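User: I would like to go through this model by its helices, its sheet and its aromatic side chains. Please keep the answers short.

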Amino acid sequence: MDEVTAWTDGACSGNPGPGGWGVVLRCGNHEKELYGGEATTTNQRMELQAAIEALKALKRPCRITIYSDSRYVIQGITEWIHNWKRNNWKTASKKPVSNAELWRQLDAACQPHQVSWQWVKGHAGDEGNERADALARRGVPR
């Protein structure tokens, strides 16, 4: 099974506003950069979209470590999602989960893979995170 490393990031100009997502994928000596964006979105949605796009880019089941500076994404996918699914996509206070359609996509995208999630401090010199941030900014529609 291939070992893949991904760095993901989202950016938003205004919140909501135009936003972008960026991904750096690395497998052995191979690297791939991905980015895209939406005219009206939020930073949290772009952070989620980056993780989804990283997983969608994989052609076969992999062991992947995803580095993100978004505690929202990491805590959501590793902690909160279990209760959301059990509670029919409602929060503990019985409100609908924000961005539920993206959380469902992310959950489904994880299924064929062995995914581990690592938080990395943003804008702190981590090369992969800095590159993903630059790609996310490139993805913001002008």
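User: How many Å does helix α1 reach from its first C-alpha to its last?

Analyst: The model is a predicted one. Helix α1 covers residues 43-56, which is 14 residues. At 1.5 Å a residue the expected span is 20 Å, and the reach in the model is close to that value. From first to last C-alpha, α1 reaches 20 Å.

User: Why is α1 described as enclosed by the rest of the structure, and how many of its residues are buried?

Analyst: Buried residues of α1 include Met46, Leu48, Ile52 and Leu55. Glu47, Gln49 and Glu53 are among the buried residues of this helix too. The helix is largely enclosed because the buried residues number 10 of the 14.

User: In what order do the strands of the open sheet lie?

Analyst: The sheet has 5 strands with mixed pairing. Its edges are β3 (30-41) and β5 (114-119), each pairing on one side only. Neighbouring strands are turned by 20° against each other on average, direction ignored. The order is β3-β2-β1-β4-β5.

User: In which sense do β4 and β5 pair, and which residue of β5 does Arg63 stand opposite?

Analyst: Strand β4 spans residues 62-68 and is joined to β5 over 6 bridges. The sense of this pairing is parallel. Opposite Arg63, in β5, stands Gln114.

User: Which strands does α2 touch, and which strands does α4 lie across?

Analyst: Helix α2 packs on the sheet, and its direction makes about 140° with that of β5. The strands touched by α2 are β4 and β5. Helix α4 (residues 127-139) runs at about 140° to β2. The strands that α4 lies across are β1 (2-12), β2 (17-27) and β3.

User: How many aromatic pairs are there, and what is the geometry of Tyr72 and Trp103?

Analyst: With ring centres required to lie within 6.5 Å, the count is 6 aromatic pairs. For Tyr72 and Trp103 the centres are 5.3 Å apart and the planes stand at 65°. Planes over 60 degrees apart count as edge-to-face, so this pair is edge-to-face.

User: Which helices hold Tyr72 and Trp103, and are these residues buried or exposed?

Analyst: Tyr72 belongs to α2 (residues 71-86) and Trp103 to α3 (residues 100-110), so the pair ties together parts 31 residues apart in sequence. Ring pairs also link both residues with Trp80, Trp84 and Trp89 into a cluster. Tyr72 and Trp103 are buried.

User: Over the face of which residue does Arg71 lie?

Analyst: Arg71 is placed 3.7 Å from the centre of the ring in question. The ring beneath Arg71 is that of Trp119.

Methods:
Residues numbered from 1 in each chain as written. Predicted model: local features only at pLDDT ≥ 70, side-chain atom pairs only at ≥ 80, totals over all residues. Heavy atoms only, no water. Helix = DSSP H or I, 4+ residues; strand = E, 2+ residues; numbered from the N terminus. Expected span 1.5 Å × (residues − 1). Buried < 20%, exposed > 50% of the residue type's maximum accessible area, 1.4 Å probe, protein only. Phe/Tyr/Trp six-rings, centres within 6.5 Å; stacked < 30°, edge-to-face > 60°. Lys NZ or Arg CZ within 6 Å of the ring centre and 35° of its normal. Pairing = 2+ DSSP bridges. Axes fitted to C-alpha atoms, helices over the stretch in contact; angles between N-to-C directions. Contact = heavy atoms within 4.5 Å.
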